[in-house]
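Visitor: Please take me through one part of this protein slowly, starting from a single side chain and working outwards to whatever surrounds it. I would like each term explained with its cut-offs as you come to it.

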Amino acid sequence: MDHAPAITATLAEVGPRLKRLRTGRGVTLAGLSEATGISTSTLSRLETGGRRPSLELLLPIARAHRVPLDELVGAPPSGDPRVRPAPRRVNGRTVVPLTEGPGALQAWKVIIPASQTEPDPRVHEGYEWLYVLAGRLRLVLDDHDLVLGVGEAAEFDTRRPHWFGSAGEHPVEILSLFGRQGERMHVRAAPRPRGPGGG
């Protein structure tokens with residue numbers, strides 16, 4: 001039996017499937033290129049059928065989207081919704097991803113050590129929502145210097161200068177949602193005066 005036509009048809013479907021997966025998660029070609037190390041032109045040709053899919057190209061894409069390889073080539077999905085987070089260290093913090101792949105909205109569990117108490121405000125595109133799971137979180141946002149306890153939340157436009165870290169002698173554990181769309185800041189905590197030197 002000649003399987004060539006079936007294989008050709010399956011391969012022809014890979015490009016559109018890759019594009020649907022990427023755009024459905026709100027990921028740009030540039031974002032996927034950064035996550036995979038594959039050039040944007042190669043990714044674009046893969047999606048339009050101008051480049052034949054290979055294991056060498058599909059494996060990094062599957063890893064970036066955190067999907068099984070067989071999902072990229074059209075095998076029935078496993079239907080397992082569980083996320084298998086892999087903790088990693090980022091700037092001295094333990095970060096646990098709680099969402100699959102580089103989508104428009106990302107959820108993280110972050111454990112900040114007690115030693116990170118010195119504000120270093122930054123700005124970048126997007127919106128962030130924070131919820132304190134354990135400990136006390138210090139949030140510096142523009143001229144606000146706030147301390148949030150367990151069960152308190154904050155949300156803000158990350159284009160405003162901001163920083164958050166430990167507010168006491170113990171680590172703080174938070175849930176963080178970050179996306180390119182969201183609401184303006186809303187904090188359920190009372191501001192307190194800034195300390196000497198802004199700390």
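Guide: A polar contact is a pair of N or O atoms within 3.5 Å; within protein, one of the two must be able to donate a hydrogen and the other to accept it, and residues adjacent in sequence count only if both atoms are side-chain atoms. The model is a predicted one, in which local features need pLDDT of at least 70 and side-chain atom pairs count only at pLDDT 80 or more, while totals for chains, interfaces and linings use all residues. Residues are numbered from 1 along each chain as its sequence is written, and side-chain values rest on heavy atoms, with hydrogens and water left out.

The side chain to start from is that of Gln116, which reaches the backbone oxygen of Asn91 at 2.8 Å. Gln116 sits in the loop between β3 and β4, where strands are DSSP runs of E with at least two residues, helices are runs of H or I with at least four, and both are numbered from the N terminus. Although it belongs to a loop, Gln116 counts as buried because its relative accessibility is 19%, and the cut-off for buried is under 20% relative accessible area, with exposed meaning over 50% and partly exposed the range in between (1.4 Å probe, protein chains only). If neighbours within four places in sequence are set aside, Gln116 is in contact (heavy atoms within 4.5 Å) with Asn91, Gly92, Arg93, Trp163, Gly165 and Ser166.

Those contacts lead into strand β8, residues 162-166, in which five of five residues are buried. Strand β5 (residues 137-141) and β8 pair in the antiparallel sense over five bridges, two strands being paired if DSSP finds at least two bridges between them. Within this pairing, Phe164 of β8 is the bridge partner of Leu139.

Leu139 and Phe164 are also among the residues with the most contacts inside the largest nonpolar core, a set of 16 residues in which Ile112, Leu137, Leu148 and Ile174 share that distinction. At least two residues of this core come from each of β3 (105-112), β4 (127-134), β5, β6 (144-148), β7 (153-157) and β9 (172-179). The term nonpolar core stands for a set of buried Ala, Val, Leu, Ile, Met, Phe, Trp, Tyr and Cys residues joined through side-chain atoms within 4.5 Å. In soluble globular proteins, nonpolar side chains tend to be buried together. Ile112 shows the surroundings well: beyond the residues up to four places away in sequence, Ile112 touches Arg93, Leu137, Phe164, Gly165, Ser166, Pro171, Val172 and Ile174. Apart from this core lies another, of 15 residues, which includes Val14, Leu18, Leu32 and Ala62.

Strand β4, one of the contributors to the first of these cores, has two pairings to follow. Five bridges join β4 to β7 in an antiparallel arrangement, with Tyr127 opposite Asp157 of β7, and β4 also pairs with β9 in the antiparallel sense over seven bridges, where Leu175 of β9 is the bridge partner of Tyr131.

Charged side chains are found in this region too. Side chains of opposite charge can pair when their charged atoms come close. A salt bridge here requires a side-chain nitrogen of Lys or Arg within 4 Å of a carboxyl oxygen of Asp or Glu. Asp157 meets Arg159 in one, at 2.7 Å from N to O; Asp157 counts as buried at 7% relative accessibility, whereas Arg159, at 45%, counts as partly exposed. Asp145 forms a salt bridge with Arg138, with the closest N and O atoms 2.7 Å apart, and here Asp145 counts as buried at 0% relative accessibility, as does Arg138 at 6%.

A search of the whole structure finds six salt bridges. One of them lies elsewhere in the protein, joining the side chains of Glu47 and Arg22 at 2.7 Å, N to O. Because Glu47 belongs to helix α3 (residues 40-48) and Arg22 to helix α1 (residues 4-24), this pair ties together parts that are 25 residues apart in sequence.

For the wider setting, the protein has five helices and 10 strands, and buried residues make up 35% of its 199 residues. Of the contacts with a separation of 6 or more, 65% are between residues 24 or more positions apart.
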